[in-house]
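Here is a set of short exercises to work through with the model open beside you. Try each task yourself before you read its solution.

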4 protein chains.
Amino acid sequence: MKLTKEQIQEIKEQQLQQNITKRVTVPDLEKILYEVIPVLDHGFIRVIDYMGDDTSIVQAARVSYGKGTKKVSTDAGLIKYLMRHWHSTPFEMCEIKYHVKLPIFIARQWIRHRTANVNEYSARYSILDKEFYLPKPEHLAAQSQNNRQGRGQIIEGEKAKKVLDLLKGDAEQTYQNYETMLNEKYDGSTIDKNSTGLARELARMNLTLNTYTQWYWKTDLLNLMNFLRLRADTHAQYEIRAYADEMLNTVKKWVPITHEAFLDYRIGGTEISSKGKIVLQKIINKQDVNLENSGLSKREWNELMQAMNLEDKKI
Amino acid sequence: MKLTKEQIQEIKEQQLQQNITKRVTVPDLEKILYEVIPVLDHGFIRVIDYMGDDTSIVQAARVSYGKGTKKVSTDAGLIKYLMRHWHSTPFEMCEIKYHVKLPIFIARQWIRHRTANVNEYSARYSILDKEFYLPKPEHLAAQSQNNRQGRGQIIEGEKAKKVLDLLKGDAEQTYQNYETMLNEKYDGSTIDKNSTGLARELARMNLTLNTYTQWYWKTDLLNLMNFLRLRADTHAQYEIRAYADEMLNTVKKWVPITHEAFLDYRIGGTEISSKGKIVLQKIINKQDVNLENSGLSKREWNELMQAMNLEDKKI
Amino acid sequence: MKLTKEQIQEIKEQQLQQNITKRVTVPDLEKILYEVIPVLDHGFIRVIDYMGDDTSIVQAARVSYGKGTKKVSTDAGLIKYLMRHWHSTPFEMCEIKYHVKLPIFIARQWIRHRTANVNEYSARYSILDKEFYLPKPEHLAAQSQNNRQGRGQIIEGEKAKKVLDLLKGDAEQTYQNYETMLNEKYDGSTIDKNSTGLARELARMNLTLNTYTQWYWKTDLLNLMNFLRLRADTHAQYEIRAYADEMLNTVKKWVPITHEAFLDYRIGGTEISSKGKIVLQKIINKQDVNLENSGLSKREWNELMQAMNLEDKKI
Amino acid sequence: MKLTKEQIQEIKEQQLQQNITKRVTVPDLEKILYEVIPVLDHGFIRVIDYMGDDTSIVQAARVSYGKGTKKVSTDAGLIKYLMRHWHSTPFEMCEIKYHVKLPIFIARQWIRHRTANVNEYSARYSILDKEFYLPKPEHLAAQSQNNRQGRGQIIEGEKAKKVLDLLKGDAEQTYQNYETMLNEKYDGSTIDKNSTGLARELARMNLTLNTYTQWYWKTDLLNLMNFLRLRADTHAQYEIRAYADEMLNTVKKWVPITHEAFLDYRIGGTEISSKGKIVLQKIINKQDVNLENSGLSKREWNELMQAMNLEDKKI
C-alpha cells in the first residue's frame with residue numbers, strides 16, 4: 001500500500017473538512033473518517049461516509065418524529081430486543097460506505113454478498129497497481145486433513161520459502177508481461193513509442209488472482225452484520241477475516257450499542273437444533289445421553305459439545 | 001396532518017442541531033431537513049437523512065482517493081455520460097431517508113418498489129391516527145373509457161358531493177367502530193374501564209383503505225430515480241404522483257446535476273422501438289409511411305406520434 | 001371462496017395436463033398442483049409451478065454435471081450440513097410459485113418479504129371480489145396485557161357477537177357503497193345505465209382492510225424458509241400463520257429432506273446468546289446461577305428457560 | 001472443454017428422463033435441455049431447468065385461475081404492451097437455470113448482476129480444471145484510441161503471435177506451480193507422497209484470470225433480459241457477448257413471443273433524450289438544426305445520428 005503524494009493530499013483535504021450539518025453525527029467515527037486502515041500486506045479499508053447512529057434504529061422502529069427515545073438505557077433495551085428477535089428492518093436504517101483495497105481472490109468471495117452497492121476499479125479502463133498479496137509465513141498452511149475447505153498445519157522453513165518464491169516469481173512475471181502486452185508501464189509511461197498495446201480488457205487476463213484491486217462498497221448495517229457474522233467467523237478464510245475484523249472495529253465506533261448486542265447474540269451466540277436441545281436437557285437432568293442415542297451425527301455432536309464448552313466433560 | 005405540540009417540538013429540536021462533520025454536506029438540502037412538506041390532505045414527506053452529493057457519484061465511478069474531480073464541469077460531463085449509458089452503480093452511492101405519511105391504498109402501490117428499506121408504523125402495536133384521505137373535488141374523476149387503468153372526466157356537482165359524503169361517512173363510521181372494538185379512543189383514552197378491548201392486530205381490519213399510515217423509507221439515488229420515473233409519470237395515479245413530485249423537488253436540492261440529467265434522459269426522454277425508428281427515418285426521408293404499412297399497432301403509432309409531437313402533422 | 005364454474009373448469013384443465021419433460025419432477029407435489037387449499041374463511045393457496053427438488057440443491061452445491069449424488073443418504077447428509085452451517089445459495093436453486101387469496105391486512109404483512117416476485121390483482125383495473133375476512137369466534141381475542149404486539153384472552157359470548165356484527169356490518173356497507181360509487185355491481189352489471197361510475201383506482205379506497213385480494217407469489221426455497229421461519233412461528237399473527245402452516249405442508253411434499261432439516265435446525269431450533277451459553281454451562285456444572293447473577297434481563301432469562309424446557313426446574 | 005466419460009454419461013442420463021408433469025413445458029427448449037453449448041475455446045452454457053413459458057407471463061399479469069388467455073394473439077398483444085410500458089413483474093414469473101463454464105475475468109463482470117442465484121465451483125474445496133482462455137487471433141485487438149474502455153484495430157502477425165505466446169506460457173507456468181504447491185496434479189494424483197500440499201484456498205491465488213471456472217446461475221426472465229440488454233450489446237466486451245448471444249438463442253426457444261418483443265423494444269430500441277426529441281422534430285420540420293444549436297454534446301449528437309441512421313444525411 002504505497003500511496004502517491006497526490007493521494008495522501010486528497011485524503012488530507014477531505015479530513016480537513018469542517019461542515020455544519022443537522023444530521024446525526026458520530027464523533028468517534030468522524031475521527032477515523034477517510035483514514036487508511038491497513039489490512040494484509042498492501043490492502044486497506046477506509047470509512048468514506050455513513051448515515052445514522054444507534055438512535056436512528058430506535059427512531060425508525062418507532063416511526064417517531066424525533067430522535068430515538070429520551071434515555072440511552074431505553075434505546076439500548078430496544079436495540080437488544082430487536083437483535084434477539086431477529087427484527088431486521090430497523091438496522092437497515094443505518095448505512096456505511098467503505099473504500100477497500102483487496103486481492104482479487106478475496107474480492108471474489110466478498111462480492112457474493114449481493115445486498116450492497118459496489119463500484120470497482122475498472123481494469124478495462126485503467127492499469128491495475130503493481131501490488132500482489134504474499135502471505136506472511138505464519139499464514140502459510142497445508143491443506144486441512146479433516147476439513148476439505150480449510151487450512152491445517154503451518155508450513156515452515158524451506159518449504160515455506162519455496163511457496164513464497166513461486167508466488168512472488170509468478171506474480172512479478174505475469175505483471176511484467178501484462179505491461180509488455182499493454183506497451184505501458186505501471187506508472188503510465190509508454191514502453192515502445194512506435195508500437196500500440198493490447199486492449200486493457202484483454203491484457204488483464206494475464207494477471208494472477210493475488211493482484212490487488214479496489215472498490216467503493218456501501219451497505220446498510222443489517223447486511224454489514226450478515227457479512228461480518230460469516231466473515232469474522234473462525235471458519236472464514238484468514239484473508240477475508242482480516243478485513244472483517246477491522247470492519248468490526250469501525251462498527252464499534254459507529255454504533256456501540258448495536259455492536260454489543262451483535263457480539264452477544266450473533267458472533268458469540270449458537271444455534272441449537274431441536275435434537276441438540278433434547279441432548280442438553282438430558283445432560284442437565286443427568287439422564288443417560290451419548291452420541292449413539294442422541295440422534296446426532298458425530299460431527300453434530302462434536303459441534304454441540306464444542307459450542308457449549310463440554311468437550312472434556314465426562315457425560 | 002395535525003402535529004401534536006410534542007411532535008412539533010421534536011422536529012424543532014432536530015432542526016436546531018449544529019453538528020460538525022467531515023462528510024460532504026448539501027446546504028440546500030440541509031435547509032429543509034426534518035421539515036414537514038405537506039402532500040394531499042393529511043399526508044407529508046420529510047427528509048430525515050442523506051448520504052453523499054453529486055461529487056460522490058463521480059468519486060465512486062472513478063474509485064478515487066479524493067472527492068469528485070477538480071472541476072464541476074468535468075463532474076457534470078461524467079454524470080450525464082453515466083445517465084445516458086444506463087450506468088447504474090455510481091448512482092447507488094448516494095442514499096436518502098424520508099419519513100412519509102400516506103393513505104394505505106397508496107402505501108400498497110409504493111411498497112411494490114422492493115429495493116428500499118422500510119419501517120412502517122405498526123397497527124398491531126399502536127392505534128392509527130384518525131385521518132383519512134378525501135380527494136379534492138378536482139381530483140374526483142370517472143373511470144376512463146379507453147384506459148381500463150385510469151381516470152376520465154371530472155365528476156362534479158351533486159354527484160361529486162355524493163361520492164365525498166359516502167367516503168367521509170364510511171371512513172368515520174368504521175374508525176368509530178375501530179375505537180369501540182379497541183375500547184380505546186384515538187387519543188389513547190379508555191372507553192369503558194370495566195371492559196377489555198379487541199386485540200389491535202384484529203381491530204385494524206375494520207379500517208378503510210384511505211386511512212393514513214406512515215413509514216420511514218430509505219433508498220439509494222438509483223432506486224429513487226426508478227421510483228420517480230414511474231410515479232412522477234402522467235400514467236401514475238394522481239395520489240402517488242403528488243408524493244413523487246415533492247420528492248423530485250428534494251432531489252433537485254440534493255443532487256442538482258443528476259437531477260438535470262435525469263429530467264433530460266429519463267423523465268423527458270422516450271424509448272423508440274426498432275420499428276418506430278424505421279417509421280421516423282421514413283418520415284425524415286419523406287418516404288410513404290402510415291399506420292397500415294408501419295408494422296405498428298394503432299396504439300403504438302399514436303404513442304410514437306405523441307412522443308415526437310407529430311400528432312397534428314400531415315404525414 | 002366461491003369459485004365460478006369457469007374458474008373450476010380452468011383449474012381442471014390444467015390438472016389434466018400430461019406433459020413430458022426431462023426436468024426433475026416431484027410426484028407428491030404434482031398430485032396437488034393447481035389444487036385450491038382453503039385457508040381462513042375465503043382464502044386459499046394453490047401451488048402453480050415449481051423448479052427443482054432435493055437433488056437440485058446437491059447438484060448446485062457440487063456444481064455437478066449430473067443429478068445430485070448417487071445415494072439418497074449422501075444427499076441428505078449434505079443438505080443437513082448446508083442447513084446447519086447456514087449455507088444459503090444452494091437452497092436458492094429451487095423455486096416455487098403460489099396463487100394466494102388473502103385479506104388485505106395480511107397481504108400488507110406478507111409483502112414485507114421483499115425477495116419474491118409478485119403480481120397482485122389490480123383494483124385500479126378490476127373490481128375486487130365481494131369477500132371479507134371474519135374471524136371464527138375462537139380467534140377473537142383481547143389485546144394482550146404483557147405483549148403490546150399480541151393477543152390475550154379469547155373474547156366470547158355477547159361481546160364476541162358484537163365485534164363480529166360490527167366487522168360484518170361495516171364490510172358489507174363499505175362494499176355496497178363501493179359498488180354505488182363504481183355504478184357497477186360485484187358481478188360486473190351496471191347499476192344505472194344513464195350514469196358513469198367513479199374511477200376504480202379511487203373507489204377502492206372505501207373498502208375495509210379485511211377485503212380479500214389475490215396474487216401470484218414466486219420465491220426460491222431459501223427465501224420461502226425465511227418467510228416460514230417468521231410466519232409459522234407462534235409469535236406471528238394467527239391469520240398469516242394459517243397460510244404459513246399450509247405452505248409448510250407443501251414444502252414437505254416438495255423437498256422432504258430439506259423440510260426435515262428445516263424443522264430440526266430452524267423451526268425447532270433456538271439461538272442461545274453468549275451470556276445464555278454461560279448460564280447453561282453453569283447449570284450443567286451445578287454452579288450457582290440465577291436471574292440476578294446471569295447478566296440476562298428477566299425477559300431473556302424466561303425465554304431461555306422456556307426454550308430449554310427448564311421453567312419448572314428448581315435451579 | 002474436455003468432458004470426462006463420466007460427465008458425458010451423467011448428461012446423457014438426464015437427457016433420457018421422460019417424466020410426466022402437469023406443469024407447462026416448452027418442447028423447443030426441452031430439446032436442448034442439459035446439452036453442452038460451446039462458447040469461447042473451453043467454455044459452455046447448458047440449460048439445466050426452467051419454469052414457465054409465454055403463457056405464464058399472461059397468467060400472472062391477469063392473476064387468472066387458468067393458463068394465459070384463450071388466443072395466442074391476445075397473449076402476444078398483452079406481452080408487447082407489458083414490454084413497451086416497462087411493466088416488469090409479470091416477466092419475473094418465468095425462471096431459468098444455467099450451468100456455465102467461463103474464464104474468471106468474465107465471471108467477475110457477470111457476477112455484478114446481483115439479482116440472480118449463483119453456486120460457483122469452489123477452489124477452496126477442489127482443484128480447478130487445467131483450462132485457460134486464449135483469444136482467437138481475430139479477437140486480439142489493440143486498445144481503442146477514442147474509447148478508453150474498448151478495443152481498436154485487430155492485432156495480427158508476429159505481434160499477435162507474441163501476445164498469444166505470453167498468455168499461454170504464463171497460464172501454463174502458473175498452473176504448473178499451482179500443482180506444485182498443492183502437491184497434486186490436475187487429475188487428482190499426488191506428486192510427492194512424502195509431502196503435504198499448500199491449502200487449496202491459498203494455492204489458487206497463483207492462477208491467472210483467464211483460468212476457467214464454472215457455476216450454476218439461475219435468474220428470472222426480467223433479470224435475464226436486463227443482463228442480455230447490457231451484455232449482448234455491441235459495447236460489451238466480446239468475451240461476455242459470446243455467452244449472451246448463446247443465451248439469447250435459448251430465450252428464443254423458451255419464450256418466443258417475449259423474445260420478439262424484447263428485440264423490438266429493447267435490443268433494437270433507442271432512448272431519445274428530451275433534447276434529442278427536439279432535434280428530431282426540427283429535422284422532420286426542415287428547421288435549421290445542427291450540433292452547435294442543438295444543446296447536445298458532440299458525442300450525444302453522434303450517438304443520436306447513429307441511432308437514427310442519419311450519419312450520412314445532409315441535414
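Two strands count as paired if DSSP finds at least two bridges between them. Keep in mind that this is a predicted model.

**Exercise 1. A strand with two partners**

Task: Find how many bridges join β3(A) to β4(A), how many β4(A) shares with β8(A), and whether β4(A) is mostly covered or mostly open.

Solution:
- Step 1. Start with β3(A) and β4(A): they run antiparallel and are joined by seven bridges. Within this pair, V47(A) has Y98(A) of β4(A) as its bridge partner.
- Step 2. Now turn to β8(A). It pairs with β4(A) over nine bridges, again in the antiparallel sense. Here Y212(A) in β8(A) stands opposite P103(A).
- Step 3. As background, strands of a sheet pair through backbone hydrogen bonds, either parallel or antiparallel.
- Step 4. Next, check burial, for which a residue needs 20 or more other C-beta atoms within 10 Å of its own. By that test nine of the nine residues of β4(A) are buried, and the strand is mostly covered.
- Step 5. Sort the residues by face. In a regular strand the side chains alternate between the two faces of the sheet. On one side of β4(A) are E95(A), K97(A), H99(A), K101(A) and P103(A), on the other I96(A), Y98(A), V100(A) and L102(A), and all are buried, so both faces are covered.

**Exercise 2. The sheet in chain D**

Task: Write down the strand order of the open five-stranded sheet in chain D, then say which strands stand at its edges.

Solution:
- Step 1. The order is β2-β3-β4-β8-β5, with antiparallel pairing.
- Step 2. β2 (37–39) and β5 (117–120) of chain D each have a single partner strand, so one side of each is left without a neighbour in the sheet; these are the edges.
- Step 3. From one strand to the next, the twist averages 25°.
- Step 4. Zoom in on one edge: β5(D) pairs with β8(D) (residues 212–220) in the antiparallel sense over four bridges. N119(D) has Y216(D) as its bridge partner in β8(D).
- Step 5. Finally, add the helix. α8(D) (residues 221–231) packs on the sheet, where it touches β4(D) and β8(D), and its direction makes about 130° with that of β8(D).

**Exercise 3. Where chains A and B meet**

Task: Work out which rotation lays chain A on chain B, and which element of chain A gives the most residues to the contact with chain B.

Solution:
- Step 1. A turn of 180° with a shift of 0.0 Å along the axis lays chain A on chain B, with an RMSD of 0.0 Å. In chain A, the C-alpha nearest this axis belongs to I20(A), 2.4 Å from it.
- Step 2. Look at the strands there: β1(A) and β1(B) (residues 19–21) pair in the antiparallel sense over three bridges. I20(A) stands opposite I20(B).
- Step 3. Count the contact residues: chain A gives 42 and chain B gives 42. α1(A) gives the most on the chain A side, with six residues. By class, that side has 15 nonpolar, 14 polar and 13 charged residues.
- Step 4. Compare the surfaces. The copies meet through the same surface, because 100% of the interface residues of chain A are also interface residues in chain B.

**Exercise 4. Chains B and C, and the core**

Task: Say which element gives the most to the side of chain B that touches chain C, and which residues L198(C) is in contact with beyond its neighbours within four places in sequence.

Solution:
- Step 1. Chain B is superposed on chain C by a rotation of 180° with 0.0 Å of shift along its axis (RMSD 0.0 Å). The two copies are thus related as by a two-fold rotation axis. T208(B) has the C-alpha of chain B nearest the axis, 2.0 Å from it.
- Step 2. The contact joins 43 residues of chain B with 43 residues of chain C. On the chain B side α6(B) gives the most, with nine residues. By class this side has 20 nonpolar, 14 polar and nine charged residues.
- Step 3. Leaving aside those sequence neighbours, L198(C) is in contact with L140(B), A142(B), Q143(B), I155(B) and V163(B), and with M181(C), L182(C) and A203(C).
- Step 4. The largest nonpolar core has 308 residues, and L198(C) is among those that touch the most other members, together with L198(A), L198(B), L198(D) and Y243(D). Apart from it lies another core, of 14 residues, including I283(A) and L296(C).

Terms used:
Residues numbered from 1 in each chain as written. Chains lettered and ligands numbered in written order. Predicted model: local features only at pLDDT ≥ 70, side-chain atom pairs only at ≥ 80, totals over all residues. Core = buried A, V, L, I, M, F, W, Y, C linked by C-beta atoms within 7 Å. Buried ≥ 20, exposed ≤ 12 C-beta atoms within 10 Å, placed from the backbone. Contact = placed C-beta atoms within 7 Å. Least-squares fit on C-alpha atoms with pLDDT ≥ 70 in both. Helix = DSSP H or I, 4+ residues; strand = E, 2+ residues; numbered from the N terminus. Nonpolar A, V, L, I, M, F, W, Y, C, P; charged D, E, K, R; others polar. Axes fitted to C-alpha atoms, helices over the stretch in contact; angles between N-to-C directions.
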